Structures are given as C-alpha cells and as structure tokens.
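Colleague: I'd like to learn how to read a model like this one. Could you walk me through it?

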Amino acid sequence: MNIPATARPADALDSNWSLVAAGALMTCVAIGVLFSLAVFLEPMSAATGWSRAGISSAMTLAFLSMGVAGFGWGALSDRYGPRVVVLAGTVLLGLSTVLASRASTLLEFQLFYGVLMGIAAGSFFAPVIATTASWFDRHRSLAVSLVSAGMGVAPMTISPLAAWLVTHYDWRTAQLIIGIGAWIVLLPAVWLIRAAPRTAHTAPGGAAPAPEMKVGQALRSRAFLVLGITFFACCAAHSGPIFHTVSYAIGCGLPTFAAVTIYSMEGAAGLGGRLLFGVLADRLGAKRVLVAGLLIQAFAAASYLLVNQLGGFYAVAIVFGLAYGGVMPLYAVLARDYFGARILGTVLGAASMLSSLGMALGPVLGGWLFDRYGSYAWMYIGSMAVGLGAVAIALMFPRTDAAREPRLQPAG
C-alpha cells in the first residue's frame, strides 16, 4: 500500500544524498566556468587587442543576468520541476562557452560570455537549492550547505584547469574544451535532480497542516522582506572586501602573489564555514546561526584595517571567509521554513536577485571610496556598518508560526 505524500515521515525524505552530490557538482562547474574568465583575461587581451576593461565587463553583465534570470528559473522550477530547468541551463552553459570561444568581436564575447552565460548560471542556484531544501527535514541545513559548497570548490578546480589549458593551447581552444567538458560532466548529473514528494507544511506543535502561501502573498510578506533585505545587506557588506582586499594588501607592501593567496585563504575558509554553519544550524536553528555569522562577518571586515603583515591577513581572512561562506546557505533554509516547498524556487530566485545586486554594489562603492579618499579605510568601515545593519534586520525575522498566520486565516 502506498503511503500518501502528506503522511510520509521525515526519514523518507532525508535520503536523497545523490541529489546533493549532483547539485554540488553543478554549482561547482557553473560558477567555475564563469569565474575562469580571470584566467583568460591576459591571453585574450594580448591575442585580440580587446581592452581588459571590455573583457572584464562580461563578468559584470553575467552577474546582472544571473540575478534577473535566477528569478525566472526559480519560477519555472516550481511549475515544471527542477530537472527540465537544470537541463536547459546545462545546455546553455556549454553553448555560451563554445560560442564565446568563437566570438570575433568584443560585443559578441560580452553577449555570449556575459549575458548568455549569466542566464545559464542562474538556472542552478535557486532550483537546485530549493529542491534540496525540500528533500531534507532533519539534515536540511547540512544538505543545503553541501550543495552550496560546490561554489567554494570552483576556484580550486575549474580555474586551475583553465590555467593548464591556456598554457598548452590558445584561449579559444581552451574555452571550447571547457564548454564541451561542461556538457560531458553535467548532462549525466541532470538525471539525479528530481523534485521532492509533496508534503504538508505542518505548523509547530503538531497543529493541522497550514496551506502554503501564494507567490504574491509570499513576496509581500514581512518574512520575505526581512529575508531579501538581509541577503542584500549581507552580500553588500562582504563583496567589497572580497574584491578589494588583494589591492589593499599590495598597498600595505605585500608582494602580489602573497596578496592573492589571501583571497584563496578566504575561499578555503568559506568552504569550511558552509559545512560548520550547516551542522550548527541543524542543531541550534538557522536564524540563531545566521545572526551570529553576520555579526562575525561585520567585525571581521573592519579587522582588515588592523593588519598589515601576511600572517595577520591570513588570520582575518580565515574568520571572514568562515563567516560569509557559512551564512550564505542559511537563507535557503529559512525560506523553506517560512514558505514551504511549493513556491520555494520562486522565493529563492527573488531573494537571489537582491543578493546579486548587493554583490554588484560592494566592488563599485569600494572603488569609488578609494578614488575619492585615497584609502580603503572607509570601505572597510562601511562594510562593517552595512554588516551590522544586516544583523539588525535579521533580528526582525518573525517566528515561523507567526509568519504562517496569514495563511491560516479564512478567506474573506
């Protein structure tokens, strides 16, 4: 006799670890392919004569496209299921890389590598994270963190591969190989992505199942406003230090290679932070761990002003990376708690769009502040202030049961 979906125990859900592995692989390859542009910057400029600013602008276009497209991909995932979305994204990811390798003008490259690849990369985060959050109950935070960890592994895998390829082939051949390789690696993994069984979203204390919000209700709710603004402020707080700390360290007298290793240290710590915060969130609650992580992130950002030697930079980078990497998956966990599984892809897509705007804001403001004042001090102080603002906003999250109350009221 089949067990109705609404009656399945949590243990029936906490079993799809193959999806977690496939999701981590997808986020790793998608983000890795996108960020490999840094490796191609110098050889592309030398071979084509295109300006570095023009080539780099493809990354800006990719971030903007990824944020906007993520909202649409999330909505499509809720309607048609995650598998068809990540299949389309995988096809576009490889296609955009292949077309970019054949681009004959800078504008063509910007459209293929920037706009089209950004659209492709946006298809993975919200749908895969939402599906993972829907599959897991007891180990939800850990599962989501493991999928997110794929993004942390990306700079340690795809970028070195791109560097090796570009030393043996020209940049066009290297990008062509990466695009075809993305298809070979990701297309089989698509079939491990499947929607979770529908389960009723029960209220705390074993109360009757609560009907889930509609999209319009969710996006106008206090819970989403707090979630989205916190996500935006969190990313705005850490994106400036992430982008500018290498330049700041060089200004402190560190050699360029040593300064770059600070960025690598942040990335490695971020990977560990995702796993640590995921385990802690399962035990202590996602909101508590998020607030603590945001507080650590804020003070760690300002702590860069207190160091000028490599050892000091490493110490701050470990704490800063641990915090910003650890909090990122927790927004999906909170969204699942507040809004349930049915519209989770749409909600996460909308929140991710706000976070992308925050990520785009930090580097621009950091550069403007440096140009105006000749120092990064105000950027780090501003990052701390915005980070503390994120803490204050996160403290305004309503109780999960209070957030559901509008859904429990009879219509009319």
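**Cysteines and a helix**

Modeller: Sure. Keep in mind that this is a predicted model. Let's begin with a cysteine: Cys28 counts as buried, because its relative accessibility is 10% and the cut-off for buried is under 20%.

Colleague: And how many disulfides are there?

Modeller: The general idea is that a disulfide is a covalent bond between the sulfur atoms of two cysteines. Here the count comes to zero. Take Cys235: the nearest cysteine sulfur belongs to Cys234 and is 5.0 Å away, whereas a disulfide needs the sulfurs within 2.5 Å. Cys235 is also buried, as its relative accessible area is 0%.

Colleague: Let's turn to helix H10. How far apart are its end C-alpha atoms?

Modeller: The idea is to compare an expected span with the one in the model. Helix H10 runs over residues 171-190, so its 20 residues, at 1.5 Å a residue, should span 28 Å; the end C-alpha atoms are 28 Å apart, which agrees.

Colleague: What caps the N-terminal end of H10?

Modeller: Asp170 does, with a side-chain oxygen 3.0 Å from the backbone nitrogen of Arg172.

Colleague: Which helices do the buried residues of H10 pack against?

Modeller: Those buried residues include Trp171, Ile178 and Leu186. Their partners are helices H2 (17-35), H3 (37-48), H5 (82-101), H6 (106-121) and H9 (158-168).

Colleague: What does the secondary structure of the whole protein come to?

Modeller: You'll find 19 helices and two strands. Of the 412 residues, 50% count as buried. The protein exposes about 17,300 Å², with carbon and sulfur atoms supplying 69% of that area.

Terms used: Residues numbered from 1 in each chain as written. Predicted model: local features only at pLDDT ≥ 70, side-chain atom pairs only at ≥ 80, totals over all residues. Heavy atoms only, no water. Buried < 20%, exposed > 50% of the residue type's maximum accessible area, 1.4 Å probe, protein only. Helix = DSSP H or I, 4+ residues; strand = E, 2+ residues; numbered from the N terminus. Expected span 1.5 Å × (residues − 1). Contact = heavy atoms within 4.5 Å. Polar contact = N/O pair within 3.5 Å; in protein donor to acceptor, adjacent residues only side chain to side chain. Areas by Shrake-Rupley, 256 points an atom, 1.4 Å probe, with all protein chains shown as cover.
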